Amino acid sequence: MGTVTYREPAVVETVNGLFVPIQVNVKEDSSRPIVERYRHVWTPDIRVLGADGFDYYHWNGYLPPFEFVPRLLVGQAQARLRSRDFAGAANVYEDVLRRFPTSEAAPEAQYFLAAAKYEASQNPTELHAGWHRLQTRYPDSPWRVRQSYSE
Amino acid sequence: MATAVKPTVKWATSLDEALARAQREGKLVMLDFFSPT
């Protein structure tokens, strides 16, 4: 991550602009309290935390820059969604779909964009329209399976 | 001739500092557990 992803200007801009970043070396004894607090087991392990330390979103594994940015934005959107800021979450999911439509995070963004819009409006049409887009744009995605009862 | 300075990620030095800054600046924290290779 340090040799490729964190050197890409788009990654630096996103991380510094939207987050307070911190790295924890899991090999150091001094890291043990944080490793135990978050029950970390395998690197790379990226967490999106609230200011209270709550773990809103996480993933394991290396991502190249063009996948890292949309994945991190989906984490930001998930934090907004789970904080019941549905309009704010929808804005971020739409940004991911507009800028990174072919990223591995895009189908998840489409799935939760539909959910965020539905929660904001309580209009089932929003949900079904969003999931229809998921079916047509990302037909082979695991996220399509999660709404397949509606097909 | 001036040399262009590449932007770098500005890492916080402790989780407490990161959480306090996040509270102050209205941001989230990105926590990266890593193992040096």
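# A tour of chains A and B

Begin by selecting A:R39, which is exposed, with 7 other C-beta atoms within 10 Å. This is a predicted model. A:R39 counts as exposed because the cut-off for that class is 12 or fewer such neighbours. The residue lies in the loop between α2 and β2 of chain A. Check its backbone torsion: phi of A:R39 is near 50°, a positive value in a residue other than glycine.

Stay in this loop and move to A:P44, which also has its place between α2 (32–37) and β2 of chain A. Display the omega angle here. The peptide bond from A:T43 to A:P44 is cis, with omega near -10°. Most residues other than glycine have a negative phi, and most peptide bonds are trans.

**Another positive phi**

Select A:Q122 next. It is found in the loop between α5 (106–121) and α6 (124–137) of chain A. Phi of A:Q122 is near 60°, again a positive value in a residue that is not glycine. Is A:Q122 buried or exposed? With 8 C-beta neighbours inside 10 Å, A:Q122 counts as exposed.

**Zoom out to chain A**

Show chain A as a cartoon. There are seven helices and three strands in chain A. Starting at the N terminus, the elements follow the order α-β-α-β-β-α-α-α-α-α. The radius of gyration of chain A is 17 Å, close to the 15 Å that the globule rule gives for 151 residues, so chain A is as compact as a globular protein of that length. If you draw a box along the principal axes, the C-alpha atoms of chain A fill roughly 50 × 30 × 30 Å.

Colouring by burial comes next: 34% of the 151 residues of chain A count as buried. For a contact map, take the contacts in chain A with a separation of 6 or more; residues 24 or more positions apart account for 41% of them.

One pair to label is A:R82 and A:Y56. Their C-alpha atoms are separated by 7.5 Å, while the residues are 26 apart along the chain. A:R82 lies in helix α3 of chain A. With 13 C-beta neighbours inside 10 Å, A:R82 counts as partly exposed.

**Helix α1 of chain A**

Select residues 9–18 of chain A, which form helix α1. Which residues of this helix are buried? They are A:V11, A:T14 and A:V15. Look down the axis of α1(A): the buried residues fall within an arc of 95°, so they line one face of the helix. On the face turned away from the buried side, find the exposed residues A:P9 and A:G17.

Now add the surroundings of the buried face. The buried residues of α1(A) pack against β1 (19–25) and α3 (65–82) of chain A, and also against β1 (28–34) of chain B.

**The side that touches chain B**

Bring chain B into view. Contacts link 31 residues of chain A with 23 residues of chain B. On the chain A side, α1, β1, β2 (45–49) and α3 each supply at least two residues. Which element of chain A gives the most to this side? It is β1(A), with seven residues. Coloured by class, the side of chain A that touches chain B has 20 nonpolar, eight polar and three charged residues.

**Strands across the two chains**

Select β1(A) and β1(B) together. Seven bridges join β1(A) to β1(B), and the two strands run parallel. To find one position in this pairing, label A:N25, which stands opposite B:F34 in β1(B). As for burial, β1(A) is mostly covered, with five of its seven residues buried.

Keep β1(B) on screen and add β2(A). How many bridges join β2(A) to β1(B)? There are five, and these strands run antiparallel. Here the position to label is A:D45, which stands opposite B:F33 in β1(B). In a regular strand the side chains alternate between the two faces of the sheet.

**Confidence**

Finish by colouring chain B by pLDDT. Chain B averages a pLDDT of 91, and 95% of the residues score at least 70. Where pLDDT is low, the predicted coordinates should not be read in detail. For the complex, the predictor gives an ipTM of 0.94 and a pTM of 0.94.

Note on methods:
Residues are numbered from 1 along each chain as its sequence is written. Chains are lettered from A and ligands numbered from 1 in the order in which they are written. This is a predicted model: local features need pLDDT of at least 70, side-chain atom pairs count only at pLDDT 80 or more; totals for chains, interfaces and linings use all residues. A residue is buried if 20 or more other C-beta atoms lie within 10 Å of its own, exposed if 12 or fewer, and partly exposed in between; C-beta atoms are placed from the backbone. Helices (H or I, at least four residues) and strands (E, at least two) are DSSP runs, numbered from the N terminus. The arc is that of the directions from the helix axis to the C-beta atoms. Two residues are in contact if their C-beta atoms, placed from the backbone, lie within 7 Å. Ala, Val, Leu, Ile, Met, Phe, Trp, Tyr, Cys and Pro count as nonpolar, Asp, Glu, Lys and Arg as charged, and the others, Gly among them, as polar. Two strands pair if DSSP finds at least two bridges between them. The radius of gyration is taken over C-alpha atoms; the globule rule is 2.2 Å times the number of residues to the power 0.38. pLDDT is the predictor's confidence in each residue, from 0 to 100.
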